[in-house]
Number of protein chains: 2
Amino acid sequence: MAKKSNATIADVARLAGVSTATAGRVLGRYGYSKEETRAQVMEAAKKLGYRTNALARSLITGKTRTIGVVAGDIQNPFYASILRGIADVVESHDFGLLIVNSDENLQKEIGAVNLLLEKQVDGLIVSPCDTRNAQHLRDLHADGLPLVLLDRTVSGLDVDRVTVDNITAAERGVQALIAASHHRIGFVGELLEDLEGGLDGFVKRGLEGDVLSTDTLYPSWQRLLGYLRAHRRAGLPVDCSLICRVGAYSAKAAEKVVGEFINKPDRPTALFSNDGTMSEGVIRAVSAAGLTVPDQLSLVCFDDLDWMDFLSPGISTVAQPRSAMGESAATMLLERINGSEVAARPVMMPAEFIERGSIAICQ
Amino acid sequence: MAKKSNATIADVARLAGVSTATAGRVLGRYGYSKEETRAQVMEAAKKLGYRTNALARSLITGKTRTIGVVAGDIQNPFYASILRGIADVVESHDFGLLIVNSDENLQKEIGAVNLLLEKQVDGLIVSPCDTRNAQHLRDLHADGLPLVLLDRTVSGLDVDRVTVDNITAAERGVQALIAASHHRIGFVGELLEDLEGGLDGFVKRGLEGDVLSTDTLYPSWQRLLGYLRAHRRAGLPVDCSLICRVGAYSAKAAEKVVGEFINKPDRPTALFSNDGTMSEGVIRAVSAAGLTVPDQLSLVCFDDLDWMDFLSPGISTVAQPRSAMGESAATMLLERINGSEVAARPVMMPAEFIERGSIAICQ
DNA sequence: CTGAAAGCGCTTACAG
DNA sequence: CTGAAAGCGCTTACAG
């Protein structure tokens, strides 16, 4: 049995000797049906290899049981883990998962959202590449489409979101370095976006007190804030020349910039690398410079990538709960899809500092 | 403008003062339409924030411009890179990408395929978890659905596929070790499946000459074949006790088994680790045993993971062309979807041996 | 509990 | 070049 999966409800109904309405009721598991009728229809369906056409059903019900995700790059371990978390909850609810990469490019993001909307997804999880320029996302929400923001937020868009408490997390990592008597701690981050007042202005404000509305700041800037706060609370001055602004989100770029950075005579005694991809570049640069970790240079990274554990020495790092982030985002989205109308939930997850062997006491 | 994306073609047609057929023609870019009419319709569409409902279109055309992928685990760097390759070609053709994890579990795979079929994907890329028990995949092909197999093949299913030339690749890696005078080379692989004749029988056959029909063998067994072939061609005997069968696809499991393996008095002088995940376990075990690579133990891995390059010493490895594998699979699938009826293409991609610092001359 | 009819939002012949 | 009508494969009221 079961061949040619192009049988329709009409075919099944005909073979079973019932109306399409009845056949539809038993095959779609809605409405009433007599035990006997059900058996007949099921048998006919089996004989014909009937398979529901979700398209037709969705056209009527207005629900596709499919959600869309716009991620920066599914190949990046950060997103890969988050996606796994999303996929786990989505799959357990028998939903489909449509995934598109944005490469952190606004035009691609807009195109991706459009594609997903045309396919009528029931909801969207987006890691927005631009926190201000995001009218397409605001429109989505205004149209009532369930939407969850991931990793970043968007100004003027009050929807469910899951982010990491980057400030506290970075502060914790830098504190560990300060506790080991380091006073010249380099900060390595992409710090891509241009902020008003520039880097110097930002540092000045960050040192004067906690910056308000840090929500829509990009993660690397938030982490810089944590770096500043750790210094401020320890009563330590900040040397702006120790802030290494890579200016691109790539391990190669980080390697190059950090290479020059640590080859200067007044190089830092420790480095705080603000991201997994940056960290790869840092490790390469440090190794190329022939510096030993932690003896000649202490190191704390961000995001616990597989290799940080077995690299020798183990890399102390701030671990983001990646899978849990994905699970949380997906769970909230499904709740919205199921009609929840609670106020927007700004889920900010804590990151855990993992102490390993990359910090030495500064002499 | 552009709000409420629930306007239909009928709404646009009404506002533009034309028939739905005409509105459909201009919005769907098919059939003829006068320049003037087109302008009117476009303006009405813009005013209403019209967006195509791909569901309705697909129901008629029978095409969804969406493909499905069943991967083992999207979080695994092997699959993550392949998926990126797939996504790149799919996105460039304006197709959607539906992804499901199988966790290498047959029941989940069957469920995944079913979900994707109900959503009417135009084609499927599957890394089958079972090379024999795969009637659901054979049925797919019999039904005429475009299907491409990834990484593994299925016996009795002659469709497009992209695999790696595992035998040659592994042979090349082991050769490098033999060339450095190693005679006691351990092989670490999951070797999950039970083959007739067991491991011993397999080794015996592998040493007698090239095993026929290696196609449907699982990758780790193919790689073992490469290990055997390298020995045979070098005139070296094979000690079965050096073949470390992990029996599970997990770094943890590999770490445990390899830990015991290399703590024995007659431990190998070199290790060939047959997979990225196994390699993680191997590195942890080696490091826990306090052995120095390559001085006390030489090492060659499989699949070039990020860390293999910057781990010190660099890990010599056999690199699989992951992104290219995904691109190739997706390209072939789209060709089939576009009607290509050439004979099934068994694409077997070469893996490149990357020499770094993990091999020392055996004293 | 079942069936006839309408309709979801499009595209496709078919006339004109 | 345009429109009226039918139809893709389902589900949804509405009668009975």
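**Exercise 1.** Determine which helix gives the most to the surface near DNA strand C, and how many residues this helix supplies.

*Solution.* Begin with the criterion, under which a residue is near a strand if one of its heavy atoms lies within 4 Å of it, and with the elements, where helices (H or I, at least four residues) are DSSP runs numbered from the N terminus. Helix H2 (20–27) and helix H4 (54–61) of chain A, together with helix H2 (20–27) and helix H4 (54–61) of chain B, each supply at least two residues of this surface. H4(B) gives the most, with four residues.

The model is predicted, so that local features need pLDDT of at least 70, side-chain atom pairs count only at pLDDT 80 or more, and totals for chains, interfaces and linings use all residues. Residues are numbered from 1 along each chain as its sequence is written, chains are lettered from A and ligands numbered from 1 in the order in which they are written, and side-chain values use heavy atoms, with hydrogens and water left out.

**Exercise 2.** Identify the residues that come nearest to DNA strand C, and state which part of the strand the protein approaches.

*Solution.* Of the 24 residues around the strand, A:Thr22, A:Arg25, A:Thr37, B:Arg57 and B:Ile60 come nearest. Turning to the strand itself, 66% of its atoms within 4 Å of the protein belong to sugar or phosphate, and the rest to bases.

**Exercise 3.** Find what a polar side-chain atom of A:Arg25 approaches on DNA strand C, and what B:Tyr50 approaches.

*Solution.* For A:Arg25, a polar side-chain atom lies 2.6 Å from a base nitrogen of the strand. For B:Tyr50, an N or O atom in the side chain is 3.1 Å from a phosphate oxygen.

Notes. Polar contact = N/O pair within 3.5 Å; in protein donor to acceptor, adjacent residues only side chain to side chain.
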